Amino acid sequence: MTALFNVILIALELYTYVIIASAIFSWLYAFNIVNSSNQFINSIGRVLYNLTEPALRPIRRFMPDLGGVDISPVILLLAIIFIRQIIIINLMPLFRGF
């Protein structure tokens, strides 16, 4: 059971990196630092969007309009940290002997 929890923790950590990469890419794209007409850049943007949007969309529905500032990635990162702590502190010790 501990192996399953470790796999879940690794997946959550990788998804954290994807969320951070998506936020940085959106800033680079918004400020025209990356070439938006480049096909490779567009494919990276689509992949990051498709990976993060299903998790961010429900958060954005409940967030008030902050005038162009999107803090939904921060809230999602806090939720991931909370879930990781629940697994590490509460669930893993219950299954240590199995």
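This is a short walk through the helices of a predicted model, with a look at how they cross and which side chains meet.

Let us begin at the N-terminal side, with helix α1, which covers residues 2-30. Its partner in the first crossing is helix α2, residues 39-62. The axes of α1 and α2 come within 9 Å and cross at roughly 125 degrees. That angle lies outside the 65 to 115 degree range for roughly perpendicular helices and is not over 145, so α1 is oblique to α2. In handedness, the crossing of α1 and α2 is left-handed. If you would like to find this contact in the viewer, α1 contributes Y15, V18, I19, A21, S22, F25 and Y29. From α2 come I41, N42, I44, G45, L48, L51, T52 and A55. Sorted by class, the residues of this contact are eleven nonpolar and four polar, with no charged ones.

Now follow α2 onward to helix α3, residues 72-91. The axes of α2 and α3 come within 9 Å and cross at roughly 110 degrees. Since 65 to 115 degrees counts as roughly perpendicular, α2 and α3 are therefore roughly perpendicular to each other. Here α2 passes α3 in a right-handed crossing, whereas the crossing of α1 and α2 is left-handed. The residues to pick out are A55, L56, I59 and R60 in α2, which meet S72, P73, I75 and L76 in α3. By class, this contact has six nonpolar residues, one polar and one charged. A55 is worth a second look, as it takes part in the contact of α2 with α3 and also in that of α1 with α2.

With the helices in place, turn to the aromatic rings. How many aromatic pairs does the structure hold? There are two. One is formed by F5 and F95, whose rings lie 5.7 Å centre to centre with 50 degrees between the planes, a tilted arrangement. This pair links distant parts of the chain: F5 sits in α1 and F95 in the segment after α3, 90 residues apart. Is F5 buried or exposed? F5 counts as buried because its relative accessibility is 7%, under the 20% cut-off. Its partner F95 has a relative accessible area of 26% and is therefore partly exposed.

The other pair, F25 and Y29, is stacked, at 6.1 Å centre to centre and 25 degrees between the planes. Both residues lie in α1, four residues apart, which is about one turn of the helix. At 14% relative accessibility F25 counts as buried, while Y29, at 37%, is partly exposed. You have met both already: F25 and Y29 also belong to the α1 side of the contact with α2.

Two further residues of α1 round off the tour. T16 has its place in this helix and, with a relative accessibility of 18%, counts as buried. Which residues does T16 contact, leaving aside its neighbours within four places in sequence? They are L77 and I80. L14 is also found in α1, but at 52% relative accessibility L14 counts as exposed. The C-alpha atoms of L14 and Y49 are separated by 15 Å, and the two residues are 35 apart along the chain.

Note on methods: Residues numbered from 1 in each chain as written. Predicted model: local features only at pLDDT ≥ 70, side-chain atom pairs only at ≥ 80, totals over all residues. Heavy atoms only, no water. Axes fitted to C-alpha atoms, helices over the stretch in contact; angles between N-to-C directions. Helix = DSSP H or I, 4+ residues; strand = E, 2+ residues; numbered from the N terminus. Parallel < 35°, antiparallel > 145°, perpendicular 65-115°, else oblique. Left-handed = near helix turned anticlockwise from the far one by under 90°. Contact = heavy atoms within 4.5 Å. Nonpolar A, V, L, I, M, F, W, Y, C, P; charged D, E, K, R; others polar. Phe/Tyr/Trp six-rings, centres within 6.5 Å; stacked < 30°, edge-to-face > 60°. Buried < 20%, exposed > 50% of the residue type's maximum accessible area, 1.4 Å probe, protein only.
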